[in-house]
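Please examine the sequence and the three-dimensional structure shown here. The paragraphs after them are intended to be read alongside the coordinates.

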Amino acid sequence: MAQTSQPNKVQEPVDINEEPPKPLRSVITLVIVLALVIAATGVVRFGLFQGSTSPVGISNALAPLAAPQAPSGAGVPAAVNMGMPNTSGSTSITTLQAPLTAPHMKTFTLVAQNAILTLGNGLRVPAWTFNGVAPGPTLRVQQGDLVVVHVVNHLSFGITVHWHGIDVPNSQDGVAGLTQNAIQPNQTDTYRFFTNDPGTYWYHSHQFSDVETEGGLFGMLIVDPTTTTIHADVDYSVALHEWNIANNQSILTFNSSAGTLTQAAAPGQWVRLRIVDTSNTASTVPHLLTLIGAPFKVVSLDGHDLNGPQWLNGTPIPIGTAQRYDLLYQQPANGAVSLVVANEDTNQQYLRAPALVIGQGTLPATLPAVGSSWFDLTTYGQPVAGSLTLQSHFDVTYNLALNNQMGTSLGRTGMTYTINGKVFPNTGMLMVKEGQLVEIQFDNQSNLYHPMHLHGHSFYVLAHNGKPLTGSPVRLDTVLVPPHSTYDIAFVANNPGIWMLHCHNFLHANWGMDTMLAYYGYTTPYTVGTQSGNFPD
Ligand code: C2O
Ligand code: CU
C-alpha cells in the first residue's frame, strides 16, 4: 500500500508479461505515479513536491491534499441564518464569552499547516495538521483553567477549531456559519474557555468537518482534575484514525502509526489509556477495541467517570466516532499488555497493526477471537440513587427519527441522512429555555449506526430501547445509536446559545444529519452558505 506499489494496481500501460527494460520501467512508474496523484487531487494546486523534506524521488511524489470544495450551483443556500429571527430584546451569541484573564491560564498556539505524515510500515500520507503533526499537540490543562488557544491558519482554505465535549461559551464553539466565520488563510483567531469538567476530550475543525477532520485537523485535550479520582502511574492517549489514501484504500492508525506503538510500564504500575475515535468509519459499524494481557476497567466515558466499574476480560469495546473510553489496568508481573482493534469490516478478527504494546514483551503470536458480547454501557458499573430517570419531570421532550434515503442535500443528489425526514439546513431547531430539563429521544429507523453529538452540554443516558440503565449513571456528549434502536437522553439547558446537534459520522453530517439546539432569544450574525463560504457539515 506504499505509494511505490501503486503502479502494480494500474492496468496499463505496463504489460506484466513483457516488462520494459529497467530504466524505462522506472520512468513509466514515475509517470504513472504522477498521473495518479494528479487524478487523485483533481488539480495540482501547490506543486507536486511541496512539503516533502527528503530528496526528490518517487516515494516523495505526494501532493498536499486538495483543498475542500464548497458546494455550488442550484440548491446550495446562499445564506442561512441559524438564530432566532431578530426579535426585540434578543442577544447576540457573540456576547457569550469567557473573561480575558483568570488566575489560572494556559495558553497554546496551533498552526494549521500542510505536512507529510510518516505512518510507519513504509506509508506516507499528505495531511493537514496542527503544528506539523496529526493528532495535533495534546493540550493538557487543569480543571478550572482559562484556556487560551491562538489558531494560525497557514492552509489555503478556511478552518475552525471545535472543542469537542467542552462546555465552552457559545461564541467559542468553533462552528463555521453558526458561532464564527471560518478562519481564512493567514488569519489568526483566539479561543478562550474554562475547562471545568476534568476528563478526556478532543478538538477538530468544524468547517468542512468531514474532509478537514479526516485530513488531520484534530488533536486531544485532556483536563486533569483538581482532586485526583483515579490513580494512574502511566497515562497514555491514543487517537484511532482512518486515513483515506489512493485507490479508495484506508489505513487505520493509533496516533498516526499504522504499526506497533510501544509504551513503558513497570510491573504493578497502574496504567490509564485514553482512547478517542477520530475516524469516519465508512461502514458505520463501530471499531472494536480490547486489551490483551490484563483485566481492565472502563473508568470514564466521554471524559466522565463511571461509578463502580467492574473488571472486564478481553471484552470488545465498541467505540463510535468522537467517543472517548478511558481504560484502567494494573501492569502484570510478566509480559506486555496490548491494545488491539478489530477490522471494522467484519469485526471478527483483531488486527496485528495498528497495536499498542505496553511493558516488556511483544504482541502475542495469536490474538484472541473477537467475542460477541460487546461492552454495554447500559448495564455497567453501580447505580447512584437520585439520578435522572425516564420518570423525571422534563420541561420539554423532542423526538428525533434518524434515517437515510436518496435525495438532495446542498445541491447534490445522493444518499441523504435525515432527521425527522429532513436534511440540514431544513431540519428545524430544538428550542429550549435556560434552566429547562430537556429530554431527547433518538429513534434510529435506519440500518446504520449514528453517533449523535450535542455541542455545549453533556447529557445523561436514560434508557436504551425503553429499558432504563441498570448500572452507573452515564454522562456523554456523543451517544452511539445502533440500527433500529432508541436512546433517551436528558440534560439541563444551562449553557445559552445556539448549538449543533448532529451525527458525528461526518459523512452523514455532510449529507444532512444536523440540527440545532437553540435557546430562545439568541441570534447569530453568521450564516451558512455560498455567501460566507461557511459549511460546518
Ligand atoms: Cu466533534 Cu460537531 O463535533
Ligand atoms: Cu450517522
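The text below proceeds from overall content to a metal site, two sheets, the nonpolar cores and one loop residue.

The model is a predicted one. Its average pLDDT for the protein is 88, and 87% of the residues score at least 70. Confidence is not uniform in one respect: over residues 1–60 the pLDDT stays under 50, and for this stretch the model has 69 contacts beyond four places in sequence.

In secondary structure, the protein contains 3 helices and 33 strands. Of its 537 residues, 56% are buried. Among contacts with a separation of 6 or more, 75% are between residues 24 or more positions apart.

The metal site offers a convenient point of entry. The copper ion (ligand 2) is coordinated by the ND1 atom of His450, the SG atom of Cys503 and the ND1 atom of His508, at 2.0 to 2.1 Å. Along the sequence, these donor residues follow the spacing H-x52-C-x4-H. His450 belongs to strand β25 (residues 450–454) and Cys503 to strand β31 (residues 498–503), so the pair ties together parts of the chain that are 53 residues apart in sequence. Both His450 and Cys503 are buried.

The two strands that carry these donors also belong to a sheet. This open sheet has 5 strands in the order β23-β32-β31-β25-β29, and its pairing is mixed. Strands β23 and β29 (478–481) stand at the edges with a single partner strand each, so one side of each is left without a neighbour in the sheet. From one strand to the next, the twist averages 20 degrees.

Within that sheet, strand β32 (residues 514–519) merits closer attention. How many of the residues of β32 are buried? The count is 6 of 6, and the strand is accordingly described as mostly covered. Asp514, Met516 and Ala518 point one way from β32, whereas Thr515, Leu517 and Tyr519 point the other way, and all are buried. In general terms, strands of a sheet pair through backbone hydrogen bonds, in either a parallel or an antiparallel sense. Here β32 runs parallel to strand β23 (residues 429–432), to which 4 bridges join it. Leu430 has Leu517 as its bridge partner in β32, and Met431 has Ala518. With β31, by contrast, β32 runs antiparallel, and 5 bridges join the two. Thr515 of β32 is the bridge partner of Leu501.

The nonpolar interior can be considered next. As a general tendency, nonpolar side chains in soluble globular proteins are buried together. The largest nonpolar core in this model has 108 residues, and those with the most contacts inside it are Trp163, Leu273, Val298, Ile440 and Phe442. Strand β31 gives the most to this core, with 5 residues. Apart from this core lies another, of 16 residues, including Val125, Met220, Ile245 and Ile251. Ile440, one of the residues with the most contacts inside the largest core, touches Tyr398, Leu400, Leu430, Tyr487, Asp488, Ile489, Phe491 and Leu501, when residues up to four places away in sequence are not counted. Two of these names have already appeared in the account of β32: Leu430 is the bridge partner of Leu517, and Leu501 is that of Thr515.

A further open sheet is found elsewhere in the sequence. It has 5 strands in the order β12-β20-β19-β14-β17, again with mixed pairing. At its edges stand β12 (260–263) and β17 (317–319), each with a single partner strand, so one side of each is left without a neighbour in the sheet. Neighbouring strands of this sheet are turned by 25 degrees against each other on average, direction ignored. Strand β14 (residues 287–292) pairs with β17 in the antiparallel sense over 3 bridges. Leu289 has Ile317 as its bridge partner in β17.

Finally, one loop residue may be placed. Ala246 lies in the loop between β10 (234–245) and β11 (249–254). Why is Ala246 classed as partly exposed? Its relative accessible area is 26%, and the class in question spans values between the 20% limit for buried and the 50% limit for exposed residues. The C-alpha atom of Ala246 is separated by 9.5 Å from that of Val125, although the two residues are 121 residues apart along the chain. Val125 itself is among the residues of the 16-residue core.

Notes
Residues numbered from 1 in each chain as written. Chains lettered and ligands numbered in written order. Predicted model: local features only at pLDDT ≥ 70, side-chain atom pairs only at ≥ 80, totals over all residues. Heavy atoms only, no water. pLDDT = per-residue confidence, 0-100. Contact = heavy atoms within 4.5 Å. Donors = N, O, S within 2.8 Å, 3.2 Å for Na, K, Ca; no water. Buried < 20%, exposed > 50% of the residue type's maximum accessible area, 1.4 Å probe, protein only. Core = buried A, V, L, I, M, F, W, Y, C linked by side-chain atoms within 4.5 Å. Pairing = 2+ DSSP bridges. Axes fitted to C-alpha atoms, helices over the stretch in contact; angles between N-to-C directions.
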